[in-house]
Amino acid sequence: DPLGWLETQPESFERRRAVERKHGRVAMMAVVGVIVHNNHYVFDGYLSKSADLKFSDVPTGVDGIRAIPGAGLLQILAFFAL
């Protein structure tokens with residue numbers, strides 16, 4: 001602890017430690033997702049049946065975000081906001 005928070009703010013230090021673990025786990029999941037997607041592993045089925053969009057239709061890279069319908073992006077953001 002280079003800033004000395006463990007001695008001065010022990011309760012907030014434990015919270016910061018827990019939040020850092022959570023962020024690390026989310027970052028690891030994101031890296032695995034990028035590796036899987038960029039190696040062209042695709043799931044069977046539809047990403048959006050109403051838009052007739054299959055998982056295999058989503059391009060790699062930044063263009064993949066543009067292919068997801070707006071309601072789907074809102075669902076993803078709502079899930080991670082919890």
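S48 is buried, at 12% relative accessibility. This residue belongs to strand β1. The model it sits in is a predicted one. The points below cover the surroundings of S48, the largest pocket, two helices, two residues with positive phi, and the salt bridges.

**S48 and its contact**

- S48 is placed in strand β1, which runs over residues 46-48.
- Its relative accessibility is 12%, and buried means under 20%, so S48 counts as buried.
- A polar atom of the S48 side chain lies 3.3 Å from the backbone nitrogen of A51.

**The largest pocket**

- Rolling a probe the size of a water molecule over the atoms shows where empty space is left.
- The largest pocket has a volume of about 850 Å³.
- Its lining is made up of 24 residues.
- Nearest the centre of this pocket lie G33, V34, H37, I68 and I76.
- Three elements give two or more residues to the lining: α2 (10-38), α3 (63-67) and α4 (70-81).
- The largest share comes from α2, with eight residues.
- What kinds of residue line the largest pocket? The lining has 18 nonpolar residues, six polar ones and no charged ones.

**Helices α2 and α4**

- Helix α2 has 29 residues.
- From its first C-alpha to its last, α2 reaches 42 Å.
- That is close to the 42 Å expected at 1.5 Å a residue.
- Helix α4 has 12 residues, which should span 16 Å at 1.5 Å a residue.
- The end C-alpha atoms of α4 are 16 Å apart, so the span agrees with the expected value.
- How many of the 12 residues of α4 are buried? The count is one, and α4 is hardly covered.

**Two residues with positive phi**

- H40 follows α2 and has a positive phi, near 60 degrees.
- H40 has this positive phi although it is not a glycine.
- The loop between α2 and β1 is where H40 is found.
- Is H40 buried or exposed? Its relative accessible area is 59%, and the cut-off for exposed is over 50%, so H40 is exposed.
- H40 and T60 are 20 residues apart in sequence. In space, their C-alpha atoms are 8.0 Å apart.
- D52 is not a glycine either, and has a positive phi of about 55 degrees.
- D52 lies in the loop between β1 and β2, and β2 covers residues 53-54.
- D52 is exposed because its relative accessible area, 53%, is over 50%.

**Salt bridges**

- Side chains of opposite charge can pair when their charged atoms come close.
- The count of salt bridges in this model is two.
- One of them joins the side chains of E14 and R17, with 3.7 Å from N to O.
- Where do E14 and R17 sit relative to each other in helix α2? They are three residues apart, which means about one helical turn separates them.
- E14 is partly exposed, at 42% relative accessibility.
- R17 is partly exposed as well, at 37% relative accessibility.
- R66 forms a salt bridge with D63, and their closest N and O atoms are 2.5 Å apart.
- R66 and D63 are three residues apart in helix α3, so about one helical turn separates them.
- R66 is exposed, with a relative accessible area of 62%.
- D63 is partly exposed, with a relative accessible area of 42%.

Conventions: Residues numbered from 1 in each chain as written. Predicted model: local features only at pLDDT ≥ 70, side-chain atom pairs only at ≥ 80, totals over all residues. Heavy atoms only, no water. 1 Å grid on protein atoms, 1.4 Å probe; cavity = no way out; pocket = protein on both sides within 12 Å on 5 of 7 lines; lining within 4 Å. Points joined across faces, edges and corners; volume = space filled by probe spheres on them. Helix = DSSP H or I, 4+ residues; strand = E, 2+ residues; numbered from the N terminus. Nonpolar A, V, L, I, M, F, W, Y, C, P; charged D, E, K, R; others polar. Expected span 1.5 Å × (residues − 1). Buried < 20%, exposed > 50% of the residue type's maximum accessible area, 1.4 Å probe, protein only. Salt bridge = Lys/Arg side-chain N within 4 Å of Asp/Glu carboxyl O. Polar contact = N/O pair within 3.5 Å; in protein donor to acceptor, adjacent residues only side chain to side chain.
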